[in-house]
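User: I would like to go through this model with you. Could we begin with the arrangement of its helices and strands?

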Amino acid sequence: MGRFDGATVLITGAAGGLGQGAAKGFATEGARLVLSDIDDKALADLAATLPTETAILAGNVADEKLSEDLVRLAVERFGRLDVAVNNAGIVQSFVRLPQVPSDEARRVLEIDLLGVFYAMKHQIPQMERQFKATARGGAIVNIASVAGLVGAPKLSVYAAAKHGVVGLTKSAAAEYATKGVRINAICPAHTRTAMVDSFVRASAMQEAEALAELTRGVPMKRVAEVDEVTAAILFAADPANSFMTGHALAIDGGVGAI
């Protein structure tokens, strides 16, 4: 029996590295899935590979209506929403603050911060209604970053957005701690996804040299693997983990220790 047998799990940014890892992890543990991504083809391709009931809806999390529609889809298709993983996000250009184009800054904040706000705004009331009706609410896992816990030189706007995600997580967790909704954030350091691969390709360095540069401040001297972050996401969402809320869990190879 899986940890999430029969549960309905919503995942945004599902076609990306962490989103795919989460989708596969929850599917393996028995969940039914509601998946979203801005890339409709990649989303459909992923859904076709998953060994579970899956509903999909493509869209941009910067559009609040998508968040409303995803919750409606979960309830119409599966009857309830048990877990939401708010994972969709982008990164900014790797430059000092004055060099960040203002339109790029707005886009990062709209997707990485407001996208999570819109998601929670529509997910929380549904989970609260479920708790009142059945004494079973739900769990929200927001994907932040180690850049949401510390400063991130040349990633100032991204760091501001991720600090905001941690702030939303903690504030909402306190508001709904007695209302059946647990809300936590996962804060990974660099993870071996397409984003990291693109950095390696753009660096004009050999892969080993580029990864060494990327992980220079990481005590473990490596990037995280998707499976390692996925394990943390499932841990935070696990109904057995019922006393954990408002936590920002760093998956950072020891960055927070120094």
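User: Which strands does helix α2 lie across?
Analyst: This is a predicted model. In it, helix α2, residues 40-49, lies across β2 (32-35) and β3. Its direction is at about 175° to β3.

User: What is the strand order of the open sheet?
Analyst: The order is β3-β2-β1-β4-β5-β6-β7, seven strands with parallel pairing. From one strand to the next, the twist averages 15°.

User: Why is one side of β3 and of β7 left without a neighbour in the sheet?
Analyst: β3 (54-56) and β7 (248-251) stand at the edges and have a single partner strand each, so one side of each has no neighbour there.

User: And how many bridges join β5 and β6?
Analyst: Six bridges, in the parallel sense, pair β5 (residues 138-143) with β6. Opposite A139 stands R182 of β6.

User: Turning to the interior, how many residues has the largest nonpolar core?
Analyst: The largest nonpolar core has 35 residues, and V34, M120, I124, I140 and I183 have the most contacts inside it. At least two residues each come from α3 (64-78), α4 (102-134), α5 (156-175) and β6 (181-188). The most is given by α4, with seven residues.

User: Which residues does I183 touch, leaving out those up to four places away in sequence?
Analyst: I183 touches M120, I124, I140, N142, T169, A172, A173, T245, G246 and H247.

User: What lies apart from the largest core?
Analyst: Another core lies apart from it, with 31 residues, including L35, V85, V141 and I186.

Definitions and conventions. Residues are numbered from 1 along each chain as its sequence is written. This is a predicted model: local features need pLDDT of at least 70, side-chain atom pairs count only at pLDDT 80 or more; totals for chains, interfaces and linings use all residues. Side-chain values use heavy atoms; hydrogens and water are left out. A nonpolar core is a set of buried Ala, Val, Leu, Ile, Met, Phe, Trp, Tyr and Cys residues joined through side-chain atoms within 4.5 Å. Buried means under 20% relative accessible area, exposed over 50%, partly exposed in between (1.4 Å probe, protein chains only). Helices (H or I, at least four residues) and strands (E, at least two) are DSSP runs, numbered from the N terminus. Contact means heavy atoms within 4.5 Å. Two strands pair if DSSP finds at least two bridges between them. Axes are lines fitted to C-alpha atoms, for helices over the stretch in contact, and angles run from 0 to 180 degrees between N-to-C directions.
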